[in-house]
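Me: Give me a close look at the sheets in this one, please, and then follow the trail to whatever packs around them. Keep it chatty, but don't skip the cut-offs.

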Amino acid sequence: MNLIKDQLLAQYTTLKIGGPADYFIQTNSNTELIEILKSTNIKPITILGNGSNVVISDSGIRGLVIKNTSQEIKILTNTSDTDTKFNKTYTQRQENEPDKYLDFAKIDYDESGFPVSEVEISSGCPLPYAINCTLDHGLTGLQWFAYIPGTIGGAIVQNIHGGSYHIADYLKSVKCFDLNTKKTIIFLKTDLNWKYETSFFLKNSNLIILSGTLNLFQGDVVKAKSVRDAWMLQKVKIQPMNSPGSTFQNPSLNICQPIWGEQKSAGWIIDHELNLKGFSIGGAQISPQHSNFFINTGSATATDYYQLVKHVQNLVKQKFGFDLIPEIKFLGDFSKPSK
Ligand SMILES: Cc1cc2nc3c(=O)[nH]c(=O)nc-3n(C[C@H](O)[C@H](O)[C@H](O)COP(=O)(O)OP(=O)(O)OC[C@H]3O[C@@H](n4cnc5c(N)ncnc54)[C@H](O)[C@@H]3O)c2cc1C
């Protein structure tokens with residue numbers, strides 16, 4: 001393992017923005033990850049998966065940044081147990097312009113009658129690889145998360161959603177390294193409170209996720225592959241990769257009902273109420289493809305990006321009186337503008 005000083009971080013994010021880490025190291029297995037977590041005195045520690053949900057400040061990140069690329073997938077059992085207690089997380093799925101998007105209702109189906117197998121996937125494993133690998137082993141469930149460019153660790157931290165599913169729906173347990181005790185600890189999914197786009201781990205940054213054990217179905221692989229392909233085709237048209245994903249969570253029905261009489265997505269509000277599709281500050285732009293995706297047109301600074309997010313939040317607050325909550329994570333110091 002090679003500890004690097006002042007490593008620029010932009011290249012480790014989908015947005016391609018971000019200053020240097022004081023110290024940077026890449027770990028290629030959980031053995032390496034645990035070794036560095038146990039031995040280092042450098043603080044604080046920040047883990048980067050694929051950097052597909054983060055905006056890193058222009059001044060970078062203090063302390064140690066670990067780029068986690070562990071890629072182990074272990075199929076643990078071939079059980080025929082059908083009682084998986086498959087409880088879906090509450091789903092806040094919003095399609096205000098269904099003519100523009102894939103009709104999700106047409107491809108959604110329930111696999112909970114199928115037998116299950118347990119699969120342990122290390123946290124640095126890229127989701128696209130995990131999806132293809134498990135499907136190739138006859139295991140279904142992850143197809144709903146096609147085209148999400150993160151790692152399993154990032155997916156669990158964020159409790160990602162795809163269609164009407166969340167990653168927590170498939171989790172059995174999560175293995176972590178606790179920076180406070182310097183020990184590994186396993187959490188059962190049922191011990192934790194899972195919600196739309198948030199998790200216990202977001203609020204407990206002392207816990208570094210090492211792996212997730214998932215209950216996947218010995219389901220209909222052909223059907224699952226067709227869902228994966230349909231999702232990819234739709235998402236490639238409307239979700240630009242030079243972004244950190246959806247900027248804001250969709251506001252709840254309770255917030256939207258008194259204003260619009262129904263739930264509206266963050267993208268619909270930015271597009272139809274603020275008319276900001278294509279609007280930019282410096283090199284940061286509200287994507288012409290999808291108003292809840294803010295992109296780097298090539299020259300954006302983190303400050304441009306931050307100001308664009310704040311601008312939209314301020315307009316929504318002024319016009320409708322509620323706060324749009326960011327789904328993206330700001331890492332580093334955003335209190336001092338870079339220019
Ligand atoms: C084109 C595009 C489409 C997307 N589509 C979706 C979508 O459909 N649904 C969705 O929910 N999201 C979507 N996203 C957002 C993003 O891909 C997911 O949130 C993803 O799971 C983040 O994983 P990551 O490895 O890139 O995390 P990172 O961006 O690297 O990190 C995110 C946060 O998690 C922390 N973290 C990462 N790994 C660990 C670990 N092992 N232990 C502890 N903390 C950790 C980081 O410190 C950071 O705070 C999309 C993004 C893009 C660019």
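Reply:
Start with an open sheet of three strands, in the order β13-β14-β15 with antiparallel pairing; strands pair here if DSSP finds at least two bridges between them. β13 (280-281) and β15 (294-296) are the edge strands with a single partner strand each, so one side of each has no neighbour in the sheet. The elements are DSSP runs numbered from the N terminus: helices are H or I with at least four residues, strands are E with at least two. β13 is held to β14 (residues 284-286), running antiparallel, by two bridges. In that pairing, I281 sits opposite A284 of β14.

Before going on, bear in mind that this is a predicted model: local features need pLDDT of at least 70 and side-chain atom pairs count only at pLDDT 80 or more, while totals for chains, interfaces and linings use all residues. Residue numbers run from 1 along each chain as its sequence is written.

Now for another sheet, an open one of five strands in the order β6-β7-β12-β10-β11, with antiparallel pairing. Its edges are β6 (73-75) and β11 (183-188), each pairing on one side only. Ignoring direction, neighbouring strands are turned by 20 degrees against each other on average (axes are lines fitted to C-alpha atoms, for helices over the stretch in contact; angles run from 0 to 180 degrees between N-to-C directions). At one edge, β6 pairs with β7 (residues 116-122) in the antiparallel sense, over three bridges, and I75 has V119 in β7 as its bridge partner. A helix also packs on this sheet: α1 touches β7, β10 (171-178) and β12, and its direction makes about 155 degrees with that of β12.

That helix is worth following. The domain assignment (bounds come from an automatic or database assignment) splits the protein chain into domain 1 (4-68), domain 2 (73-238) and domain 3 (253-331). Between domain 1 and domain 2, 13 residues of the former are in contact with 16 of the latter, contact being C-beta atoms, placed from the backbone, within 7 Å. On the domain 1 side, α1 (30-39) and β3 (45-48) each supply at least two residues, and α1 gives the most, with five. By class, that side has five nonpolar, seven polar and one charged residues (Ala, Val, Leu, Ile, Met, Phe, Trp, Tyr, Cys and Pro are nonpolar, Asp, Glu, Lys and Arg charged, the others, Gly among them, polar).

Zoom in on L33, a residue of α1. L33 counts as buried because 26 other C-beta atoms lie within 10 Å; the scale is 20 or more for buried, 12 or fewer for exposed and partly exposed in between, with C-beta atoms placed from the backbone. Leaving aside residues up to four places away in sequence, L33 touches T27, I66, N68, S70 and L210. Its C-alpha atom is 21 Å from that of Q11, 22 residues apart along the chain.

Then there's the ligand, surrounded by 32 residues, the closest being G49, G150, G153, G154 and G245 (near means a C-beta atom, placed from the backbone, within 6 Å). β3 and β12 (207-217) turn up again here: along with α4 (152-158) and β8 (161-162), each supplies at least two residues of the shell. α4 has the largest share, five residues. The shell draws at least three residues from each of domain 1 and domain 2, and its make-up is 12 nonpolar, 19 polar and one charged.

Conventions. Two residues are in contact if their C-beta atoms, placed from the backbone, lie within 7 Å.
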